[in-house]
Amino acid sequence: MNIAFLAAPEGTEQIELTEPWQAVLATGDRPSLLSTSPGSLQAFRHLDRGDTFPVDGTVAEADPGEYGALVLPGGVANPDALRLDADAVAFVRAFFDAGKPVAAICHAPWVLVEAGVVDGRVLTSWPSLRTDITNAGGRWVDVPVQVCDHGPNLLITSRKPDDLPDFTHTFTEVFAKV
């Protein structure tokens, strides 16, 4: 299965990109890194610059129909930039409209709020997003990983880098059942 990873050109928490990416590779699926700009993206290790990663394509040119699932890494600046990009928001919404699974960690649910897809859903995130999720009609829970089936698709969310083992294990299992 082709799995889209969507990240802004700058501000992605590196470990929230690399660990899920490796987990997808370990299943035999094919990850593809999409961004709002071509070239490469600059990842971060909290507030310090991390590595750069080549982008496989832009979200404006990507067809959501070519992917079976979507992973949204976190980092504070990454989802904040994505939620301001109409193509990124539409791309995310397309996975919900098509009933395809989506996995989001840390601050990534900001993009879900912007896409208007959290109403009636149960999810977790970095704690500071609790009010945003609640105001958008979602129910926020403080657990390492949350799988929500109350909607058109399966939504897998997680709080922070410390939860990555649970997050990667859970979303790869869910994706494998699709």
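The following legends describe close-up views of a predicted model.

**View 1. The annotated domain span, residues 2–172.** According to the UniProt record, an unreviewed entry, the feature "domain: DJ-1/PfpI" is placed at residues 2–172. Within this span helix accounts for 32% and strand for 29%, and the C-alpha atoms at its two ends lie 13 Å apart.

**View 2. The open sheet of 7 strands and its edges.** The strands follow one another in the order S6-S3-S1-S7-S8-S12-S11, and the pairing in this open sheet is mixed. Strand S6 (57–58) and strand S11 (145–148) each have a single partner strand and stand at the edges, so one side of each is left without a neighbour in the sheet.

**View 3. The pairing of S11 with S12.** Edge strand S11 runs antiparallel to strand S12 (residues 155–158), to which S11 is joined by 4 bridges. One position within this pairing is Cys-148, whose bridge partner in S12 is Leu-155.

**View 4. The hairpin of S4 and S5.** Strand S5 (residues 48–54) pairs with S4 in the antiparallel sense, over 5 bridges, and in this arrangement Leu-41 stands opposite Phe-53 in S5. The two strands form a hairpin with 2 residues between them, and in the turn His-46 has a positive phi of about 60 degrees.

**View 5. The pairing of S2 with S4.** Strand S4 (residues 40–45) also pairs with strand S2 (residues 10–13), here in the parallel sense and over 3 bridges. Glu-13 stands opposite Phe-44 in S4, while the partner of S4 in the hairpin is S5.

Notes: Residues numbered from 1 in each chain as written. Predicted model: local features only at pLDDT ≥ 70, side-chain atom pairs only at ≥ 80, totals over all residues. Heavy atoms only, no water. Pairing = 2+ DSSP bridges. UniProt positions renumbered as here; feature names shortened; annotations may be inferred.
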